[in-house]
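Me: I'd like a close look at just one part of this model rather than a tour of everything. Take whichever stretch gives you the most to talk about, and tell me what sits around it.

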Amino acid sequence: MEVNLNADLEGKLARLAMEQGRDPEALVRDAVERLVDYDQWFLREVDKGLAAADRGELIDHEEIGKIVDSRYPG
């Protein structure tokens, strides 16, 4: 696989790789792996939420408000 980057992004990648003492290709592979892993996790979580909704396991508006308020007071 070949990925073409514009000059600005390629420069940013080269600087980041140099700062970290890593190969730019390794940084790209790590970034793509994180993206793919996150996307897979997100889709699994969406599927879990849809399945819970199909089972009628829903939280009403007031309860959501309490949850938000308890996590983010003020």
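Reply: Let me fix one term up front: buried means under 20% relative accessible area, exposed means over 50%, and partly exposed is in between (1.4 Å probe, protein chains only). This is a predicted model, so local features need pLDDT of at least 70 and side-chain atom pairs count only at pLDDT 80 or more, while totals for chains, interfaces and linings use all residues. Residues are numbered from 1 along each chain as its sequence is written, and side-chain values use heavy atoms, with hydrogens and water left out.

My pick is helix α2, residues 24-54 (helices are DSSP runs of H or I, at least four residues, numbered from the N terminus). A31 is a handy place to start: it sits in α2 and is partly exposed, because its relative accessible area is 36%. I67 is 36 residues away from A31 in sequence, and the two C-alphas are 33 Å apart in space.

Further along α2 come the aromatics. The structure has 2 aromatic pairs (ring centres within 6.5 Å, using the six-membered ring for Trp; planes under 30 degrees apart are stacked, over 60 edge-to-face, the rest tilted). One of them is Y38 with W41, a tilted pair with 5.5 Å between centres and 40° between planes. These two residues are 3 apart in α2, or about one turn of the helix. Y38 also pairs with F42, and this time the rings are stacked, at 6.1 Å centre to centre and 25° between the planes. Why can Y38 and F42 be described as about one helical turn apart? Because they are 4 residues apart in α2. Put together, Y38, W41 and F42 make one aromatic cluster.

How open are those three side by side? Y38 has 49% relative accessibility, so it counts as partly exposed. W41 is partly exposed too, at 40%, and F42 gets that label as well, with 39%.

The other thing to look at is the largest pocket, which holds about 530 Å³ of space. A pocket here is an open set of 1 Å grid points over the protein atoms alone where a 1.4 Å probe fits, with protein on both sides within 12 Å along at least five of seven lines, and lining residues have an atom within 4 Å of a point. Its 18 lining residues include V3, P24, E25, V28 and R29, which are the closest to the centre. Which elements give two or more residues to that lining? They are α1 (7-20) and α2 (24-54), and α2 gives the most, with 9 residues.

That brings in the neighbouring helix. α1 has 14 residues and runs 20 Å from its first C-alpha to its last, close to the expected 20 Å (1.5 Å times one less than the number of residues). Just after α1, G21 has a positive phi of about 65°. Within α1 you'll find L13, which counts as buried because its relative accessible area is 16%. Compare that with A31, partly exposed at 36%. L13 and E33 are 20 residues apart in sequence, with their C-alphas 16 Å apart in space.

Conventions. Grid points are joined across faces, edges and corners, and a volume is the space filled by probe spheres set on the points.
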